[in-house]
Amino acid sequence: MIISTLADASRYTPLHSRFAEAFRYLETVRANELVEGKHEIAGDDLFAIAWSGIGKGQSESVLESHRRYIDIQYVVTGFDVMGWRPLADCQRIRDAYDETKDLAFFHDQPTSWTRVSAGSFAIFYPEDVHAPLGTTTSLKKVVVKVRVDG
């Protein structure tokens with residue numbers, strides 16, 4: 001897991017061949033004006049999902065993992081509180097991995113929680129099980145999905 005600001009995103013572009021394109025998208029798109037839903041950037045290799053609403057709170061936020069995509073969760077307005085736990089430490093599967101959705105859920109609890117403010121992002125690799133929407137306030141975020149092998 002990486003947490004940083006969009007202003008420092010260039011530090012992380014060497015970590016994946018698509019990160020530069022992902023951060024360029026976040027820097028140039030009018031994220032505040034994005035309609036909720038999926039937005040294509042580079043087909044299935046790179047796309048964004050815009051979301052706005054009220055978080056679930058830490059007690060209701062559920063750990064999730066992905067195998068095919070890295071998440072760059074960018075907070076546009078408000079703040080999110082995101083939980084984290086290493087995949088290797090997750091023992092209690094809630095919903096087994098669904099290949100179609102690239103998603104699994106766990107009953108385990110995060111080992112840490114981090115506040116991610118507007119203008120900041122968190123990067124979650126497949127080994128980073130994460131619990132987004134741990135805030136109880138209103139927020140808008142854009143999650144850029146980066147295919148691991150893209």
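**Salt bridges and the burial of their partners**

In this predicted model, Arg-18 has a relative accessible area of 19% and is therefore buried, since the cut-off for burial is under 20%. Its partner in a salt bridge is Asp-45, with an N to O distance of 3.2 Å between the side chains. The two residues belong to distant parts of the chain, 27 residues apart. Arg-18 is located in the loop between strand E1 (2-5) and helix H1 (19-28), while Asp-45 is located in the loop between strand E2 (37-42) and strand E3 (46-54). Asp-45 is partly exposed, at 25% relative accessibility.

A salt bridge is also formed by Lys-141 and Asp-80, whose closest N and O atoms are 2.7 Å apart. This pair, too, links distant parts of the chain: Lys-141 belongs to strand E12 (residues 138-147) and Asp-80 to strand E6 (residues 79-86), with the two positions 61 residues apart in numbering. Lys-141 is buried, at 3% relative accessibility, and Asp-80 is buried as well, at 0%.

Arg-94 and Asp-95 form a further salt bridge through their side chains, at 3.2 Å from N to O. Here Arg-94 has a relative accessible area of 36% and is partly exposed. Asp-95 is likewise partly exposed, at 32% relative accessibility.

Some salt bridges share partners, and in this way Arg-18, Glu-21, Asp-45 and Arg-147 are joined into one network. The count for the model comes to 6 salt bridges.

Notes. Residues are numbered from 1 along each chain as its sequence is written. This is a predicted model: local features need pLDDT of at least 70, side-chain atom pairs count only at pLDDT 80 or more; totals for chains, interfaces and linings use all residues. Side-chain values use heavy atoms; hydrogens and water are left out. A salt bridge is a side-chain nitrogen of Lys or Arg within 4 Å of a carboxyl oxygen of Asp or Glu. Helices (H or I, at least four residues) and strands (E, at least two) are DSSP runs, numbered from the N terminus. Buried means under 20% relative accessible area, exposed over 50%, partly exposed in between (1.4 Å probe, protein chains only).
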